[in-house]
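Me: Pick one part of this model for me, please, and take a close look at it. I'd like one connected walk through it and what surrounds it.

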Amino acid sequence: MDISVVVPLYNEEESLIELHQWIESSLSDANYSFELIFIDDGSSDNSWEIINDLSIKNQNINGYRFAKNYGKSQALNAGFQYAKGKYIATLDADLQDSPEELPSMINMLNEEKLDLVSGWKKTRHDSLFLKNIPSKLFNFAARIVSGIKLHDFNCGIKVYKKNVVKTIDVSGEMHRYIPVVASKAGFKRISEKEVKHQIRKYGVTKFGARKYFF
C-alpha cells in the first residue's frame, strides 16, 4: 500500500462521490496503490449511507463513523490509527483541496527527505472576513510562536511519512497545529508546497472565524 488518504467529514453528502472519483483518478494515473479512509464525524445528512455504498463497491474504501460530532482533530486521529500506507495524506471533503496535488507532494517528501509536506493555499477563494483575515492572523501568530516557517498551518491537504502520524496524538483543536505537534515529537523536516484552492462547490463552510480564536 503506497498511500492512505484520510478524509474527515461532517455533512458533505453532495461531494463524496465526486471526491472519490477525483482521488481515484489522480492516484491511479500516477500508478500509486492506495486506500481511502472516510471518517464521518457524526453527520446528520446522508454522508454515511454514501460512504457505505462506496465501500461495498470498492474494497479500497473504508468508512468509520462517530456516534456524534467530536471535531476534526478526533476524526484525523482516528484516520491516522487506521491508516496502513507508506505515506499518509489528508484532504478536506469539500472539494476545495485538489487530490491532483498529492503525487507531487509525495515526490517532494522523498526528494527533500522530509517528514511532512503541508499545502499552502496562496490564493484563497474564501470569505475575506470569515476565513482569509483570521487565517492570516492565525498563521502569523503560529509562525512567531513555533519558529516553523509555514504560510498555512491549517491547510487540509498534507502528506506525511507513516511514522509521523503513528507517533503524534491529535486532540482538541490541535489539527490546526499538526506541524507544531510533529516538530515537538522530533519530526522537524517540514516544508510546504503551494497548492490550488478550489471554490466551494456544495454547501457552506463548517468553520468560521471564531474557530481560530476559541
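Reply: Two strands count as paired here if DSSP finds at least two bridges between them; strands (E, at least two residues) and helices (H or I, at least four) are DSSP runs, numbered from the N terminus. Keep in mind that this is a predicted model, where local features need pLDDT of at least 70, side-chain atom pairs need 80 or more, and totals for chains, interfaces and linings use all residues. Residues are numbered from 1 along each chain as its sequence is written, and side-chain values use heavy atoms, with hydrogens and water left out.

My pick is β5, residues 116-120. Its home is an open sheet of 7 strands with mixed pairing, in the order β3-β2-β1-β4-β6-β5-β7, so to speak reading across. The edges belong to β3 (61-65) and β7 (190-194), each of which pairs on one side only. Neighbouring strands in this sheet are turned by 20° against each other on average, ignoring direction, with axes fitted to C-alpha atoms (for helices over the stretch in contact) and angles taken from 0 to 180 degrees between N-to-C directions.

Now look at the two neighbours of β5. On one side sits β6 (residues 158-161), running antiparallel to β5 and joined to it by 3 bridges. Within that pairing, Val117 faces Val159 and Ser118 stands opposite Lys158. With β7, β5 pairs in the parallel sense over 5 bridges. Ser118 turns up again there, with Glu192 of β7 as its bridge partner.

How buried is β5? Because 5 of its 5 residues are buried, β5 is largely enclosed by the rest of the structure; buried means under 20% relative accessible area, exposed over 50% and partly exposed in between, using a 1.4 Å probe and protein chains only. Side chains in a regular strand alternate between the two faces of the sheet. Both faces of β5 are covered: Leu116, Ser118 and Trp120 are buried on one side, and Val117 and Gly119 on the other. For the protein of 214 residues, the buried share is 54%.

Step back to the rest of the sheet. Helix α1 (residues 16-29) lies across β1 (3-9), β2 (34-40) and β3, at about 155° to β2. Helix α3 (residues 72-82) also packs on the sheet, making about 145° with the direction of β2 and touching β1, β2, β3, β4 and β6, where contact means heavy atoms within 4.5 Å. α1 packs against helix α2 (residues 47-57) too, at about 35° with the axes 10 Å apart. There, Leu16, Ile17 and His20 of α1 meet Ser47, Ile50, Ile51 and Leu54 of α2.

One loop is worth a glance as well: Asp94 sits between β4 (87-90) and α4 (102-111). Asp94 counts as buried because its relative accessibility is 11%. A polar atom of the Asp94 side chain lies 3.0 Å from the backbone nitrogen of Gln96.

As for the whole protein, it has 7 helices and 7 strands, running β-α-β-α-β-α-β-α-β-α-β-α-α-β from the N terminus on.

Terms used:
A polar contact is a pair of N or O atoms within 3.5 Å; within protein, one must be able to donate a hydrogen and the other to accept it, and residues adjacent in sequence count only if both atoms are side-chain atoms.
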